[in-house]
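User: Here is a model I would like to understand before going back to the bench. Please take me through its build and the way its chains are arranged.

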There are 4 protein chains.
Amino acid sequence: MIVVMKVGTPQEEINRISAELSSWGLSPEKIVGKHKVVIGLVGETQELDPFRIEELSPWIEAVLRVEKPFKRASLEYRHNEYSEVVVSTPSGDVVFGQHHPLVVTAGPCSVENEEMIINTALKVKAAGAQFLRGGAYKPRTSPYSFQGHGESALELLAAAKKASGLGVITEVMDSPDIDKVAEVADVLQVGARNMQNFALLKRIGRQPKPVLLKRGMAATIDDWLMAAEYILAAGNPNVILCERGIRTFDSKYTRNTLDLACIPVLKKLTHLPVMIDPSHGTGWSEYVPAMVMAAIVAGADAIMVEVHPNPQKALSDGPQSLNFDQFDQLMQDIKPFVKLMGRERPEPALAR
Amino acid sequence: MIVVMKVGTPQEEINRISAELSSWGLSPEKIVGKHKVVIGLVGETQELDPFRIEELSPWIEAVLRVEKPFKRASLEYRHNEYSEVVVSTPSGDVVFGQHHPLVVTAGPCSVENEEMIINTALKVKAAGAQFLRGGAYKPRTSPYSFQGHGESALELLAAAKKASGLGVITEVMDSPDIDKVAEVADVLQVGARNMQNFALLKRIGRQPKPVLLKRGMAATIDDWLMAAEYILAAGNPNVILCERGIRTFDSKYTRNTLDLACIPVLKKLTHLPVMIDPSHGTGWSEYVPAMVMAAIVAGADAIMVEVHPNPQKALSDGPQSLNFDQFDQLMQDIKPFVKLMGRERPEPALAR
Amino acid sequence: MIVVMKVGTPQEEINRISAELSSWGLSPEKIVGKHKVVIGLVGETQELDPFRIEELSPWIEAVLRVEKPFKRASLEYRHNEYSEVVVSTPSGDVVFGQHHPLVVTAGPCSVENEEMIINTALKVKAAGAQFLRGGAYKPRTSPYSFQGHGESALELLAAAKKASGLGVITEVMDSPDIDKVAEVADVLQVGARNMQNFALLKRIGRQPKPVLLKRGMAATIDDWLMAAEYILAAGNPNVILCERGIRTFDSKYTRNTLDLACIPVLKKLTHLPVMIDPSHGTGWSEYVPAMVMAAIVAGADAIMVEVHPNPQKALSDGPQSLNFDQFDQLMQDIKPFVKLMGRERPEPALAR
Amino acid sequence: MIVVMKVGTPQEEINRISAELSSWGLSPEKIVGKHKVVIGLVGETQELDPFRIEELSPWIEAVLRVEKPFKRASLEYRHNEYSEVVVSTPSGDVVFGQHHPLVVTAGPCSVENEEMIINTALKVKAAGAQFLRGGAYKPRTSPYSFQGHGESALELLAAAKKASGLGVITEVMDSPDIDKVAEVADVLQVGARNMQNFALLKRIGRQPKPVLLKRGMAATIDDWLMAAEYILAAGNPNVILCERGIRTFDSKYTRNTLDLACIPVLKKLTHLPVMIDPSHGTGWSEYVPAMVMAAIVAGADAIMVEVHPNPQKALSDGPQSLNFDQFDQLMQDIKPFVKLMGRERPEPALAR
């Protein structure tokens, strides 16, 4: 349920109403939008009478029920205003959101050694990326496959961050690792296989770093938004959703089926920013450029692309990684499309 | 197996080689590309020795095996040259293919009455479409749902064609109906539910009108190309493939999952043109524009969009139909993207 | 909507009510159950007032709406009484239905030659089957695969039927073939790929032979029952449903995923008999026996098993076919389970 | 790779060979079967020459490669001998395995209060179950749904165990909880949503209690066995696999699609015991009995059934729970089938 306040409501009045609602046993959350303030209420609201709330103050414009199973993640909860997820990076704040420039994340599947990760960071930065991706902890189907270099890889990511000025996105696979990953990462990633690892979601929701939540392989849109709701409900409002392909009956030519229609669907349902990962989504580098283009014009707020200095020799996911030249070309090719979408990034000098 | 002829091979030499191969019990097909002529061989070629063919003539450049299960549909079979499917319409020939302008097909799910179909035809023509779609025979899940007006609807399509100058695409559901549908339609559609109705595929492959082959709801890419192969093998080389969404585990917010990655995949595997139908692909008109945009920049050769004068009152598929204003807006919105892709259509005056 | 008549209602009264309902523009169907007669009404019944019907006669016990989208196929339509599909065979009538012995259908994927089909018929008859299956027209993914021997195979099936006394089940792929197939077959099969070939369903519903309707690869239970409804609505009440595996994300070890839970689900929803085909359902003969057992104890009314004299040399579906010894063993092994389920067949001497 | 020792090989010889292989940098594991001893080798064996191993001792019968991606989980690794997972319970050891009596696990979705769990334990024990299931930590799609009573529920499970003598199976959702769950549980369950939570799998593989590994909603058979391999590779050989339905395109009448064919498939691929959970598999109590029957005759080693004193009032999963009478009836109904399968449990007096 949300309480929409009239424009110009004094701060004390909002505080007074919130205090009153708290005294009823509710947990009001103040949501400050561009134009209006909304008080969000989640919990035992089913038997609450909206009229009883409306009577609390003449400054209340409307009291509305959120009908969706996901409450805080719903677009209604923010009274149809999209979230801005602001991420602090060495080169300044980067904002993920509907009315902001396209955010580009690039890098290898896994951090292999210092040279490769620093080299990759510098190259993708030069090509126009804002974030470096790279796995320290890798979820691999087989226990005998390369599992990531773990903590030592975190140090290499820190070095690459320092060298390039890029923000860092990397995956957390286990709740005891959150703190050490959060020391280096600017955005913590929850992988597809952990999308319904609710213990991890709760704990990651209690720390302050923004979270990239990948869609599970067989997760419905509702499942996915409910997983985001776990993080939001635990107190962290900064969630970015990332589609990376779902599992269907055909995996001969693409590893997964990239569900690009999720973009307009999510834009209707939720205020959270949407990222698309065509590298996992298709599994083959040759299909990545067409899907990056498609994602951008379909309205994605961000893209994630796997880039490796030498895909043939990658320790994981080589076939789906672009090399530096291919990534550079892609970044050139998308420019006019990004511009048409009104998503181009101002020149660096202006961005600072 | 294909026999690639050198540039400049005299026609008589090609005829001589074909005659020789026929005398071996094979069925050579001459494929004339932009630069080269290729002789295609399908059938009992597994035990054929390529060297034995090479010895037939010094004009033979190479003899290559087609490794794919689909032979005539494979890009290799045409020596990596994409097909041009030329459709004759009242306003002149329209070409579907990789290096040709985007083809737009629009119209209602089903032909309801004369006024609506003529009105729709004129509107979508004015907005920039080349083809009118509209069902005379409708495959409906329930026997109690509107089944299409059948033959009388074909007459209305003929009237709309005459009034608008658009080409007509409509579905054939049963082999005995092929002839009467082909009298009106410029392109015969095989629907998703009939994609593996092999009897229909064989019969439609024996008539000369181009065929639009929709992907089945659970058809793999291979299944789909093998279905096209049935038509090609029966003698009709003019097949257009149409993706319209596949069935997955989530159908709450979209009727199907639109597999846009099929575009680059098909472009790698086959020479046949690719159309995308986001109306069936998503099932909701509000998601259609984003998916049309995405399809275009991902490399689609054609799009199909459901348009109805009054979607709320449509006899079928209302929720996924755009109204005239929405379609007109969409056609305006896609223009810069179509241009960037090098797919814009020259002004009508030049097109004649 | 159904009109349930009281026990003992005179025939003239039923006729009178039916005539009255016909005069209202409805199409009443008399359904004679074990204990009661029901008058079924399908069509524009939404605005019909049940009370107005009840007033027609004191012999009316109740007037009930059928809420399901499938009307004639629903269990309610027959007032919770299961159908008996009686098939006439050279050895007498065989009944498919809930309270009848298990029906066993066996035979090769395709009819290859006279010796193999007669030999197979005699062997599966000796092992205890009631029906011979065998394809004359084969739906094959590739146009270059063996397509069945067509009409000549129908003659061989007739010979095998004569030699063995078995009933014959074979597939019709195209509506123009219905008559010639019906001359030989005792049950006409509609294959999975044609489950939504509505033209075929309508035509097959207008002829009198019982129909085996296989579930489509991506057909929901509702889709499947609606396909059955097409046949029932066209006038043929004798439909048997056959589950043969659905398409899912995993096809490495089994060709399809056999949905055995469909048995209790269908028993709740429909009065039509249910057959299970574990040969297509799993795709590998080694998994067939366990799934036959499971199908029987889960309540299947019939099973279909592929049997071939020499599976290694089969022209189609060899890997999923049992040989004679394996089938014979299976028929022995299921006996105690069939008996426990109360589905054993009386000794032949008694059955005549 | 496995080294199969001849029957009667002296213990010292096995030790000597193992020591020798260890000195080569390998990690030999001794697997004692009914008749033979096998030495398993996992790791960098790709370049090992089997002949070099064979030369180590005349007592070596054969050196065989394991071709499957899962090594320790493969049936070959134990030289085609099925595992016995022995679980210690207050009423004595219960063995899960191919040649052992059917193991029955029953109980509520979640532990609600002391009375209900003790009452349920006593009832299901009386009906014939060996294990009590009951969730203390519950993975729920929504953060606002009942999440289980956590630690206090563990105490209640301990009380129910003491009162009934049943073994206890309960889920661990987060690695920091393993120890406290293991204090009460006799078998630790990894839920479907955590099947690829590799951090959890590794940690649970390092503790000694047997593990029940549920199949993920979109997990292929290979994914599932690779998840088991994580546990085995970490040192815990006692893994039971539990199928609980997979996600497909149809969830209208059943929550999931129960893949019973996985039973014969797993019996071919792995030595690990197989449990079937038709409660989650179908989602509706009315379909559970038919699927329990089917599972048993298809060769399941164990079944898991949700039972609740009052399903209408259950805090979670009520619709799929049997009440006491229904469970009691089911246990009666399965008896003759269990007996036919040679899986009946000797009378309790004999079992001690």
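**Build and arrangement of the chains**

Analyst: This is a predicted model, where local features need pLDDT of at least 70, side-chain atom pairs count only at pLDDT 80 or more, and totals for chains, interfaces and linings use all residues. Residues are numbered from 1 along each chain as its sequence is written, while chains are lettered from A and ligands numbered from 1 in the order in which they are written.

User: How far apart do the C-alpha centres of domain 1 and domain 2 of chain A lie?

Analyst: Domain bounds come from an automatic or database domain assignment. In chain A, domain 1 covers 2–65 and domain 2 covers 85–351. The distance between their C-alpha centres is 36 Å.

User: What radius of gyration does chain A have?

Analyst: The radius is taken over C-alpha atoms, and the globule rule is 2.2 Å times the number of residues to the power 0.38. For 352 residues, a compact globule would come out near 20 Å. The C-alpha trace of chain A spans about 65 × 45 × 40 Å along its principal axes. Chain A agrees with the globule value, at 21 Å.

User: What percentage of the residues in chain A are buried?

Analyst: A residue counts as buried if 20 or more other C-beta atoms lie within 10 Å of its own, exposed if 12 or fewer, and partly exposed in between, with C-beta atoms placed from the backbone. Chain A has 352 residues, and the buried part is 56%.

User: Which strand of chain C pairs with S3(C) over four bridges?

Analyst: Strands here are DSSP runs of E, at least two residues, and helices are runs of H or I, at least four, numbered from the N terminus. Two strands pair if DSSP finds at least two bridges between them. S1(C) (residues 2–5) pairs antiparallel with S3(C) over three bridges, with Val4(C) opposite Val38(C). The antiparallel partner with four bridges, separated from S3(C) by four residues in a hairpin, is S2(C).

User: Which residues of S3(C) point the other way from Val37(C) and Ile39(C)?

Analyst: In a regular strand the side chains alternate between the two faces of the sheet. S3(C) spans residues 37–40, and Val37(C) and Ile39(C) point one way. These two are buried, and so are the residues that point the other way, Val38(C) and Gly40(C).

User: How many strands make up the closed barrel of chain B?

Analyst: The barrel runs S7-S8-S9-S10-S11-S12-S13-S14, with parallel pairing. Within chain B, S10 (residues 187–190) and S11 (residues 211–214) pair over three bridges. There, Leu188(B) has Val211(B) as its bridge partner. The count of strands in the closed barrel is eight.

User: Which helix gives the largest share of the side of chain A that touches chain B?

Analyst: Contact means that C-beta atoms, placed from the backbone, lie within 7 Å. By that rule, 32 residues of chain A meet 32 residues of chain B. H7, H8, H10 and H11 of chain A each supply at least two residues. The largest share, five residues, comes from H10(A).

User: What kind of axis relates chain D and chain A?

Analyst: Copies are superposed by least squares on the C-alpha atoms of residues with pLDDT of at least 70 in both. Chain D lies on chain A with an RMSD of 0.1 Å after a turn of 180° and a shift of 0.1 Å along the axis. The two copies are therefore related as by a two-fold rotation axis.

User: Which residue of chain A has its C-alpha nearest the axis that relates chain A to chain B?

Analyst: A rotation of 180° with 0.0 Å of shift superposes chain A on chain B, at an RMSD of 0.1 Å. At 2.0 Å from that axis, the nearest C-alpha in chain A belongs to Ala294(A).

Definitions and conventions:
Two residues are in contact if their C-beta atoms, placed from the backbone, lie within 7 Å.
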